[in-house]
Every structure is written in structure tokens, then in C-alpha cells.
Amino acid sequence: MLKPAPTAGDTDWFTHDRFGLFIHWGLYALPARHEWIKHREEITDEAYQKYFDYFNPDLYDPTEWAKAARAAGMKYMVVTSKHHEGFCLWDSQLTDYKVTNTPYGQDLLGPMVEAFRAEGLKIGFYHSLIDWHHPDFPIDGIHPLRNHPDALEMNKDRDMSKYVEYLHGQTRELLTEFGPLDIIWFDFSYPGREYRGMSGKGRDDWQSEKLLKLVRELQPNIMVNNRLDLPPEMADVHTPEQYQPREWLRINGQPVVWETCQTFSGSWGYHRDESTWKSPEQLIKMLINTVATGGNLLMNVGPTARGVFDDRALAALDVYARWMKFHSRSIYGCTQSEFSAPSGCRYTQNEDRLYLHIFDWPFKHLYLDGLKDRVKYAQLLNDASEIRFTPPRLAADEAGDALVLELPVVKPDVVVPVVELFLA
Ligand code: GLC
């Protein structure tokens, strides 16, 4: 079976555990209409200040979040320590634009790390390279002030080297004040994006090589993602977002460690009026499709400004909880199979265990090409009931080298039924 190229950071646990929670939380939870609202509506710092002045998640209890994630079968979490708006969820000594200066008045990140660790989950920090609040961050094509008539003039007073010092300083804080971390998730580089004479930002702007060196020195085992605009082989994990790769991601022809990050409804931040919530089928099939092509799934929740997961998010997590209760071993420790699945199905495999995920429930028989004489026993995973392999009497010679499963007419009452095949 395929194995990903080795990485500098520790990815062994990651490629075993396969499923994590992404948390996008910040001041954007108050306007509740997308985490890029400051960009989309070209909001000035002055006008955005009200969200800071009213930020007070009084119902915040990270243990509830951690328990919901664990019940859903998630094994790690990645939270936005700071998103593009520049607001910090911890008591950084390098800025006043932080939660401890809001009406809430306390650190959010420390209790969150503790609560998730207590539930046995691994911990990652998403940290934005971009900062739409920092006075030295030069205005560019995605900055909220990109269309301001004096943008170029204003940039004369902005010193990127001071911003880089801040960025590296906060990275040091995050990697020294919260114990051993498992993932650092930087976001994002856009070197080629020219706009009104203002250039995009990439490795030279962030001093990415120096930043990566700092990260590896402070936490040698940590996983670093691929958004620093450095050569791809320097990253530990590759991160396609909001689309489902058709096959295992490769760099220079080599399969690599990858993770697709997805949302429940489109926006990463809490979006009150968004109605494009994924169906239970989409949610479960997304996880299966990802592992069947050798990847990890990082599923996102945007908590509300009261500090809770809203009912729609809890319902979506519960879809995972009810399916993973019976099917988690077809995900953990599994990867892309050496066999090709019949149409309307997917395979995941863990050594001599092959998991057939049936998306389209057939009538009575399913032909598994190439598996004749390769399977000792088969059962439905949700109830461990035996699945026999007896080709239809009148079509025995049609089977060729296929193993023919005899399935119940009625589809089991689970979102995606799975047959566990014990290979000979
Ligand atoms: C995109 C979004 C950003 C989000 C990130 C997560 O870059 O623009 O808001 O944090 O994806 O992958």
C-alpha cells in the first residue's frame, strides 16, 4: 500500500488518526457574516472597533466543545489563535488587540488547550500571517483599505520589518506558553497578487525560512503546513481547502501527507444566515473519500459570540458521532487501498482489513473485482452480522475473479453502510 513521503515534523499519529476539528473564532463572530467581513465590506479599524468593545462570550465552556469533538470521533483540533482581522485569543505581551482587553477580559486559548488535552485530543494553532489591524502591515490587494485613495501614501508609514518582528515574536509566544503542540497552521501567502501598484506577500515578506527555523527549534516534532510560500518539500502537511481531491496528493510524483479542510456550510467563521449546510451523506462521504485517497479531514466549526457551538453545528457533529460509533475502525489507521472499489463504493484499508463503504446500496449482490479467494470472512460493521459471498445461482459464471457479496435487500439504517472484509 502507498506510504507518504517522510516529514520533518511528527506525522505518524496524524496519518493514523485522520479526523480533526478546525475552530474559527474571533471578533467576526459578532457580525456573524463570514470571517472575511472586514475585507468584504472594506471596514476601517474605527468602524470594526465595536466588535472588540462588545466581545464577551459569557457561555464559553471549552470542555463542552472538547466533549462534542471527541464524541464525533475527532482526534485533534486546530484553533485560530489569530485570524486575518488581527484579534488575538490569548494574552499576548506584544499587542493590546487581544481578548484580555475586551469585556470578556480573560485568556481563551489556555483553557481551550487544557480542555481538549483532557479529552485526549492533540492540539494545533492556526496563525494568520496576514494582519488587517497591525499598523505596520502594508496595505495590499486583499487588505480592507485596498481601495482607499491614499493607500499607497499610507504604506509609506508602514514598516514590514516591524510587522515581521511581531509575527515571529507571537509565534514564539504560542510555541513556548502552551506546552508541546502538535500542529502549527500558518495562513496564507499570495506572492503574485498585484493590485493598484501594491504587491502580494510571500516568503520574503514573512521571512518564512527564518520563521520555519524558529518553529523547528522551539518544537522539533511539531507539524507545519504548506502555506509559507516555501518549497513544498519543506512542509509536513499539504492543505487543499473546500474541495475534495480525486486522488492522493503528490509532490514531485511522490504521495505526501495531506489534509483537506472543510466547512459545514461555507463560511469558516460563524455565519448566522448561511443556509448551505451539508447533508449527513455529504458529511460522512467527505470523511470516507478523504481517507480512501490517503488524506485527513479537518472539519470546521465557527462558534457563536456567546461562546457556544450552535445547534446546526452540534447536529452535524452528532452525525459523525453516530456513524463513527460503529465505523471508526474503517477510518483510524486506514489509508488508500491496493484494490479498486466497485462504482458507487469506496475502499479504505488497514493491513489485512479491507473496508467496503457502500454509497449506492445495490439489490442483493455486489461484485468485488480481483477479490475472489482473497477474503476469509465478511461482516457488516454496524452490527457484525455475517455477509456471505455466494454468487447468484443463475449467474455464477459471470463472476470471473470477483468475489460476490450477498447483501440484505434493505439498506442498514446507517448513513453509509460498511462491509468489513478479513483478507486471507
Ligand atoms: C481560507 C480562508 C480563511 C480560512 C482558511 C482555512 O484561506 O480565506 O479565512 O481561515 O481558508 O483554510
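In this predicted model, strand β3, which spans residues 122-128, pairs with strand β4 in the parallel sense, and five bridges hold the record of that pairing. Within this pair, F125 is the residue that stands opposite I184 of β4.

Strand β4 itself covers residues 183-187 and is mostly covered, since five of its five residues are counted as buried. The side chains of β4 are divided between two directions: I183, W185 and D187 point one way, whereas I184 and F186 point the other way, and all of these residues are buried.

β4 also has a neighbour in strand β5, made of residues 223-224, to which it is joined by two bridges, with the two strands running parallel. The contacts between them can be followed residue by residue, for I183 stands opposite M223 in β5, while the bridge partner of I184 in β5 is V224. I184 can therefore be traced in two directions, with F125 opposite it on one hand and V224 as its partner in β5 on the other.

These pairings belong to a wider arrangement, an open sheet of seven strands that follow one another in the order β5-β4-β3-β2-β1-β9-β8, with parallel pairing. Because β5 and β8, the latter at residues 259-263, stand at the edges and each have a single partner strand, one side of each is left without a neighbour in the sheet.

From the strands we can turn to the empty space in the model. The largest pocket holds about 370 Å³ of space, and of the 21 residues that line this pocket, K3, P4, T15, R18 and T335 are the closest to its centre. Two elements, α1 at residues 12-17 and β10 at residues 345-350, each supply at least two residues of this lining, and α1 gives the most, with three residues. Sorted by class, the lining of the largest pocket consists of eight nonpolar, nine polar and four charged residues.

Apart from pockets, a search of the whole structure finds one cavity of 30 Å³ or more, and the volume of the largest cavity is about 100 Å³. Its lining is made up of 14 residues, and those lying nearest the centre of the cavity are S265, S267, G269, W277 and G302. The lining of the largest cavity divides by class into six nonpolar, seven polar and one charged residues.

Terms used:
Residues numbered from 1 in each chain as written. Predicted model: local features only at pLDDT ≥ 70, side-chain atom pairs only at ≥ 80, totals over all residues. Heavy atoms only, no water. 1 Å grid on protein atoms, 1.4 Å probe; cavity = no way out; pocket = protein on both sides within 12 Å on 5 of 7 lines; lining within 4 Å. Points joined across faces, edges and corners; volume = space filled by probe spheres on them. Helix = DSSP H or I, 4+ residues; strand = E, 2+ residues; numbered from the N terminus. Nonpolar A, V, L, I, M, F, W, Y, C, P; charged D, E, K, R; others polar. Buried < 20%, exposed > 50% of the residue type's maximum accessible area, 1.4 Å probe, protein only. Pairing = 2+ DSSP bridges.
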